[in-house]
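Me: I would like to understand the words used for this structure, and not merely repeat them. Could we go through them one at a time?

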Amino acid sequence: MSSSHPHQFYYLDNFQRALDWIAQRYSDLLSAEEVSFISYIQALPLCSRALLVRMVMRKGEFFRYAKLNYLEIGCPDVAAKPLVNLGWVTHNPELSIDQLFGLLRKAEVVEAFSISTSGKLNRKSELLDDLRLEFNEERSLKQWTSGSEESVYKVNVTSLCERMRLMFFGNLYQDWSEFVLADLGIYRYEHVEFSETSRGFRSRQDIEDYLHLHRCRERFEDGGDLDEILSDIPSAPYENIWLEGRRNKLLYRLAQQYERCGELKSALEIYRNCSYPGARLRSIRVLEKNEEPAAALTLSETASIAPESESEQQALLRILPRLRRKLGYPKIVFIKAKLVEEQLLTLPYPTIADSVERIVQSHLSHEDHPVFYVENALINSLFGLLCWPAIFAAIPGAFFHPFHHGPADLHSPDFYRKRHEIFEMCLSQLDDGSYQKIIVQTFHEKSGIQSPFVYWNLLDEGLLKLALRCIPSSHLRKYFERILRDISANRSGLPDLIQFWPQEKRYRLLEVKGPGDRLQDNQTRWINYCIEHEMPIAVTYVQWLEKAA
């Protein structure tokens, strides 16, 4: 959309672009209030539209005249008048003590309430705690401050604009700054061809359900009453699979908090009715905490028949022997995983602050066999570059606005299934030898474009070509297949370092552990996988020489 106003109104152009987008795609779902807003805003004077959008894009609902000093808008009182007439903004609203404190600086609070000399030493939040007990009524700014003539504005369409933002982005973690970051070239996004009917929500109920869950989550994160929040979360599953996943995630977090508070009965009841990954495992843990080993064992044995993930399977291998031992049952002998190669490095105590991984990298690296600190970046990036066409395929529901960092369904259970043929086409290039050219070509063509897998800030052409020279295609296939098996879990846990021997066309992954550090579960799973498929990996344990006095 070309700009119809001078560049100083870039934010207004962006907002109008979003409204046009919504009107085109959501005409059948918009409420009368939303339709009216989209219609009326275009008829307002330019300065009024600009002022409203400036306030909407800022935090909060209350704004002081002095904080709305925008050259292109001019006098806020003049710009606000049409907004006040529509009821979209209230001029000089009544303010609670909390709302007042959100507007005033500490010095202004001290003056308005004639705070004593000793009271001035308190923090602003402490002053609020004291005054809140004394003042529970609402007053205008003029009444609170004994005569201030400064205007205050309250935006009344914040919730409406939040719904607009939700419809446009399909989430509430992205905001209007995405337009600016794209305009400035700070963020670049892949151009995906999707239809004019593509949108994040299929029904009005889905929008309302999303917002309801979002409010519940906000209350939870603000420390609200767990029982009240729990009662407000629907007990019946949503028909929308994506929303049902969000509902289960919130229930899981509530159960965790009940568990931390020692309310094991409440935690267990939620876990048992929650399908979020890990809920069954937490049920077992809670039963064990609650001295119910027999019930914990029964559930563990059921889980071991069909583990929901590698993570659960790994945990059960620790839990089952412990529970059987508690109950006096015969010991079960499990087949032990092959031992990983280990090396112990004793290094001088570092004289400058640096990570143990960087220190080991420097110690082991040599011109003929360089070491790079890559952690999850390299393997994920190679995967993202080779499989770019599959990741950014125009699958219905995956993309519906220009600012997607990746497909909206990236973490859904059927992400791979929906793109199976495209992924297989990409991976087949590992077999015919074309993968090296494709990866390097994509690296140049897509450089800097947002991707959920490619770490542009850590990847350069030298490292890329070195990896392609030294890592066999058969190994890359195994890495990529495991990532696809469980994207959420397997994008992380890869070893810290990689060492190359270019002349010999070989490599080795190295996980580094400093004194007192131990392997995490997801790291162990990657290590076991590499050993199983005969891919070179080792764990380097570091100890320091005695620190000089």
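Me: Why is Arg482 said to lie over the face of Trp526?
Reply: A charge counts as sitting over a ring if NZ of Lys or CZ of Arg is within 6 Å of the ring centre and within 35 degrees of the ring normal. Arg482 lies at 4.5 Å from the ring centre of Trp526, which is within the 6 Å limit, so the description applies. Arg491 is placed over the face of Phe453 in turn, at 5.4 Å from the ring centre. This is a predicted model, in which local features need pLDDT of at least 70 and side-chain atom pairs count only at pLDDT 80 or more, while totals for chains, interfaces and linings use all residues. Residues are numbered from 1 along each chain as its sequence is written, and side-chain values use heavy atoms, with hydrogens and water left out.

Me: What makes Trp21 and Phe168 an aromatic pair, and why is it called edge-to-face?
Reply: Rings of Phe, Tyr and Trp (its six-membered ring) pair if their centres lie within 6.5 Å, and their planes count as stacked under 30 degrees apart, edge-to-face over 60 and tilted for the rest. By this rule there are 36 aromatic pairs. The rings of Trp21 and Phe168 are 5.8 Å apart from centre to centre with 70° between the planes, so they satisfy both conditions. Trp21 lies in helix 1 (residues 10-25) and Phe168 in helix 9 (residues 158-169), and the pair therefore ties together parts that are 147 residues apart in sequence. Both residues also belong to one aromatic cluster, which includes Phe15, Phe169 and Phe403.

Me: How do you know that Glu511 is buried?
Reply: Buried means under 20% relative accessible area, exposed over 50% and partly exposed in between (1.4 Å probe, protein chains only). Glu511 has a value of 1%, so it is called buried. Glu511 is found in strand 7 (residues 506-513), where strands (E, at least two residues) and helices (H or I, at least four) are DSSP runs numbered from the N terminus. Trp21 and Phe168 are both buried too, and 46% of the 549 residues of the protein count as buried.

Me: What makes the meeting of the Glu511 and Gln523 side chains a polar contact?
Reply: A polar contact is a pair of N or O atoms within 3.5 Å; within protein, one must be able to donate a hydrogen and the other to accept it, and residues adjacent in sequence count only if both atoms are side-chain atoms. The distance between the side chains of Glu511 and Gln523 is 3.3 Å, so it falls within that limit. The buried Arg199, with a relative accessible area of 10%, reaches the backbone oxygen of Phe201 at 3.0 Å and that of Arg202 at 3.4 Å.

Me: Why are strand 2 and strand 3 called paired?
Reply: Two strands pair if DSSP finds at least two bridges between them. Three bridges join strand 2 to strand 3 (residues 152-155), so the condition is met, and these strands run antiparallel. One of the bridge partners in strand 3 is Val155, which faces Val89. The open sheet has three strands in the order 1-3-2, with antiparallel pairing. Strand 1 (62-64) and strand 2 (89-91) stand at the edges with a single partner strand each, so one side of each is left without a neighbour in the sheet.
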